Amino acid sequence: MWMYALRRLVLTIPILLGVTIICFALVQIAPGDPITSLVRPDTPPEQIAALRAYYGLDQPVVVQYLMWLWRVLGGNFGNSIANNAPVAAEVMRAFANTIVIALISVLFAFVVSLVLGTIAAIRQGGIVDRLVTALAVFGISVPTFWLAVVLVIIFAVNLNWLPATGMGASGSDSFNYFVWDDFKFAIMPIVALALPPLAIMTRTTRASLSEILNQDFIQTLRAKGLGGFQIITHAIRNIMPAAIAMLGLQLGYLIGGSVLVETVFTWPGTGALLNKAILTRDIPLLQGTILVLAGAFVLINLVVDLAQSLVDPRIKRS
Amino acid sequence: MKSIKLRGVLAAAALAVAAGAAGSAFAQESVLRVAMTAADIPDWTGAPDQGYEGMRFAGYTMYDALGLWDLSSSDKAADVIPGLATSWEVDPTNNLLWTYHLREGVTFHDGCAWNADSAIWNFARVMDQSAPQFNARHATQQGSGVVNVASVAKIDDYTLQITTKVPASLLPYDLAMFLMISNCGVEAVGNDYAKFGEKPAGTGPYKFDRLVPRERMELVKNDAYWNPDRVPKHDRLVLLPMPEASTRAAALMSGQVDFVEAPSPDTIPVLQGAGMQIITVPYPHNWNYLLKVDSGPFADIRVRQAANMAINRQDMVDMLQGVAVAGYNTLIESQAWYGTPPMYEYDPDGAKALLEEAGCMPCVVRIGISTSGSGQMQPLPMNELVKEQLDAAGFEVELVPMDWNALIGVFFQGATASGFDGINFSMAPIDASQGIIKKWMTEYAAPSCCNWGTYSSPKVDELGKAALAEFDQAKRDALLTEMNNAVMADAPELFIVHDMNPRALSPKLTGFVQAQSWFQDLTPIVVTP
């Protein structure tokens with residue numbers, strides 16, 4: 001298994017290289033450049049040209065990419081063109097802000113979806129099953145942006161129970177998840193992020209468990225005299241590989257795709273950072289963020305694969 | 001005896017309570033929390049980006065310029081008044097030579113003295129590439145402020161001589177955009193602007209206190225500000241980037257912020273219902289279509305006039321819930337050079353007749369628009385309405401949406417290279433230089449600045465040159481007005497609306513005077529607990 005893990009880690013390198021090349025190329029194709037975001041309409045053209053040269057943007061595209069790659073291999077992610085801040089510090093701060101709420105959201109969704117999916121599978125066709133299915137359909141269908149705005153209206157504006165926006169009353173540098181006055185800023189983003197994966201995982205759990213419960217070995221367990229709870233425990237163990245795979249996918253989606261939630265809640269995470277980097281064509285920031293996200297995604301998938309083989313001995317990783 | 005003792009104890013207790021209350025009142029800071037539309041903290045080292053919102057919150061708060069905008073009135077367009085210079089004049093025998101008299105007794109926030117040496121150091125920061133303090137980003141961001149400056153010399157500690165490249169009667173307006181930063185502060189960190197950013201220093205009414213990157217910047221009042229009338233009436237100013245309009249509205253209504261930039265029009269009734277103050281005042285902004293006038297359908301003045309007649313401006317104002325006014329000019333009415341532009345009546349039949357006469361029916365045009373952007377208001381629904389009205393009058397409009405960065409790139413390209421017949425690009429005619437000279441003189445066609453559509457008129461060019469060489473303000477204003485009238489008669493743009501600069505304030509705030517400007521003075525705001 002360790003050799004398998006090592007091999008997967010080594011294969012990460014060409015994956016990351018490919019991802020950064022594709023992103024770099026896509027930004028080059030898009031009209032505009034990082035300098036147009038920075039300058040005023042009446043900035044003299046010679047000064048715009050000088051700034052482009054200062055950032056090496058007058059070099060051929062291939063040279064620009066190779067220069068960036070060379071710096072990254074030396075551990076230097078460069079500075080953001082938009083605000084001159086070191087990219088490494090920006091990305092790691094944003095990533096830390098996103099990964100924690102993404103983990104909390106997906107674990108919350110995982111636990112709740114296991115419970116709801118199990119109940120729905122046991123009570124197939126009943127009212128509970130229908131309610132769970134309705135919740136799941138709602139969760140998959142509702143636009144996350146809309147849900148985020150509605151949560152803010154209800155809980156921040158109307159009820160004034162939770163703050164509308166931001167990461168802590170004084171900013172993320174002093175944020176503490178274990179202090180209620182800070183944690184309450186994270187509640188609505190977590191709920192908004194958790195609902196779609198909860199819906200998807202509930203449906204998956206219900207479907208997988210229904211299938212397992214109809215298999216012969218379940219009848220054998222009943223014949224042996226096992227109670228309902230013990231049978232469910234056996235059945236859930238059988239669906240865990242699929243559930244873990246789904247958890248990994250959802251976590252990967254959340255760490256990279258939470259831009260709408262982060263914009264509504266002004267949560268300083270990787271989604272908002274990536275969005276800003278794309279809109280301002282901030283190439284060093286974009287490349288740095290993509291590198292970290294792609295690396296995290298690959299790592300998460302590796303952990304998921306290893307976890308699956310631990311849970312199900314039939315799956316051998318070699 | 002017992003009653004005397006009791007009275008004494010009670011008196012002592014009362015005094016203690018009063019002292020405690022007074023102590024806590026002194027200890028409680030008054031904080032003004034502002035939600036900006038910017039997606040990030042603007043550059044805070046003296047060369048703000050993020051458009052004029054950056055200058056508003058990270059420029060004129062911490063820094064001053066030789067001249068400053070007078071932001072004390074809502075009734076007239078803001079003009080430039082003395083700032084770090086108390087007066088200036090041009091040499092009557094040599095109109096390239098200006099003398100600036102610097103304000104004495106001013107220090108930067110770090111204690112560095114403001115004088116002619118600081119001023120010259122600052123000019124070199126953006127003009128002299130061989131200077132150790134030269135900063136390429138600052139040069140680009142602040143370059144338009146010094147574009148006409150050839151050299152700067154010290155006459156004495158508080159007198160500066162500025163030589164311009166060409167006669168530049170509007171130099172004071174250019175220099176009002178050029179911020180002065182502490183030379184001592186930059187030199188103390190070896191000209192490392194990243195380190196300077198940890199403790200930036202200007203001369204402004206606010207001092208830098210704290211920054212959480214991309215999340216908040218906190219400034220505190222400068223008790224020693226050189227203009228005692230503008231020492232802030234609150235202790236702390238917290239600036240929060242909040243690009244989503246619904247988030248800003250929610251933050252205001254839930255009490256998380258006190259002052260919100262640009263609430264979206266459909267949230268205004270809700271905000272008013274919740275007791276918020278909605279303030280609107282005209283300011284030098286226009287939401288127009290810039291038209292390519294040297295070729296294509298809009299080269300014919302009849303087509304341009306037809307487009308202007310096709311627009312029902314009141315419909316647009318109604319759609320925006322009144323936070324705009326009908327536009328017939330690039331300038332706003334309160335600006336001195338507004339003149340007498342044609343006031344197009346809504347007349348779609350008249351527009352059709354003109355298009356028939358011009359042989360452009362249907363008149364196919366391709367317009368570049370953005371999905372968002374500084375000053376672009378609500379671009380998608382607004383452009384859909386314009387398209388509907390133009391199409392009804394005989395045009396066939398293809399709207400090509402793109403993000404703001406891409407549209408800025410199209411603007412810099414100029415009309416000829418862009419492939420568009422027009423773009424919806426809002427502009428800020430804050431002074432005659434930006435609103436008239438650089439918009440309409442032939443020499444400012446792309447890539448030299450802002451004459452996107454390549455408008456060209458020998459008469460207008462002559463008037464512009466004459467205005468730039470005219471140092472008597474009344475005579476210059478007359479020339480600029482004549483120039484603007486001549487241009488407006490040519491209908492070089494599709495004039496639609498001017499934004500009314502809506503802001504939403506908590507009822508806790510008093511004292512704010514919204515200026516007719518892209519910049520605002522927050523210092524008079526009192527925050528009632």
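A residue is called buried here if 20 or more other C-beta atoms lie within 10 Å of its own, exposed if 12 or fewer do, and partly exposed in between, with C-beta atoms placed from the backbone. With 14 C-beta neighbours inside 10 Å, Q321(B) therefore counts as partly exposed. Q321(B) is not a glycine, yet its phi is positive, at about 55°. The residue sits in the loop between α11 (313–319) and β16 (324–326) of chain B. Helices (H or I, at least four residues) and strands (E, at least two) are DSSP runs, numbered from the N terminus.

A word on the source: this is a predicted model, in which local features need pLDDT of at least 70 and side-chain atom pairs count only at pLDDT 80 or more, while totals for chains, interfaces and linings use all residues. Residues are numbered from 1 along each chain as its sequence is written, and chains are lettered from A and ligands numbered from 1 in the order in which they are written.

**Chain A**

Let us start with the overall build of chain A. It has 13 helices and zero strands, and its C-alpha trace spans about 85 × 55 × 35 Å along the principal axes. Of its 318 residues, 41% count as buried. Two residues are in contact if their C-beta atoms, placed from the backbone, lie within 7 Å. Among the contacts in chain A with a separation of 6 or more, 73% join residues 24 or more positions apart.

Two helices of chain A show how cover can vary. In α12(A), eight of the 10 residues are buried, so that the helix is mostly covered. The buried residues include T270(A), L273(A), K276(A) and L279(A). Just after α12(A), R281(A) takes a positive phi of about 55°. Helix α9 (residues 216–223) of chain A, by contrast, is hardly covered, with zero buried residues among its eight. G225(A), just after α9(A), has a positive phi of about 95°.

N84(A) is another residue with a positive phi, about 65°, although it is not a glycine. It lies in the loop between α4 (61–73) and α5 of chain A, and is partly exposed, with 14 other C-beta atoms within 10 Å.

**Two helix pairs**

Each chain offers a helix pair to look at. Axes are lines fitted to C-alpha atoms, for helices over the stretch in contact, and angles run from 0 to 180 degrees between N-to-C directions. Angles under 35 degrees count as roughly parallel, over 145 as roughly antiparallel, 65 to 115 as roughly perpendicular and the rest as oblique. A crossing is left-handed if the near helix is turned anticlockwise from the far one by less than a right angle, and right-handed if clockwise.

| Helix pair | Angle | Axes | Crossing |
|---|---|---|---|
| α5 (87–122) and α13 (283–311) of chain A | roughly 45° | within 9 Å | right-handed |
| α10 (301–310) and α12 (348–358) of chain B | about 165° | 8 Å apart | left-handed |

The angle in the second row makes α10(B) roughly antiparallel to α12(B), whereas α5(A) and α13(A) are oblique to each other. Residues of α5(A) including V87(A), V91(A) and F95(A) meet residues of α13(A), among them P284(A), L285(A) and V292(A). This contact divides into seven nonpolar, two polar and one charged. Here Ala, Val, Leu, Ile, Met, Phe, Trp, Tyr, Cys and Pro count as nonpolar, Asp, Glu, Lys and Arg as charged, and the others, Gly among them, as polar.

In chain B, α10(B) brings residues such as V303(B), A306(B) and M309(B) to α12(B), where their partners include A351(B), L354(B) and L355(B). The residues of that contact are nine nonpolar, two polar and two charged.

**Cis peptide bonds in chain B**

The bond from M361(B) to P362(B) is cis, with omega near -5°; P362(B) lies in the loop between α12 and β17 (363–370) of chain B. The bond from A446(B) to P447(B) is also cis, with omega near 5°, and P447(B) is found in the loop between α16 (432–440) and α17 (458–468) of chain B.

**Where the chains meet**

Chain A gives 45 residues to the contact and chain B gives 43. On the side of chain A that touches chain B, the largest share, six residues, comes from α3(A). The residues of that side divide into 24 nonpolar, 14 polar and seven charged.
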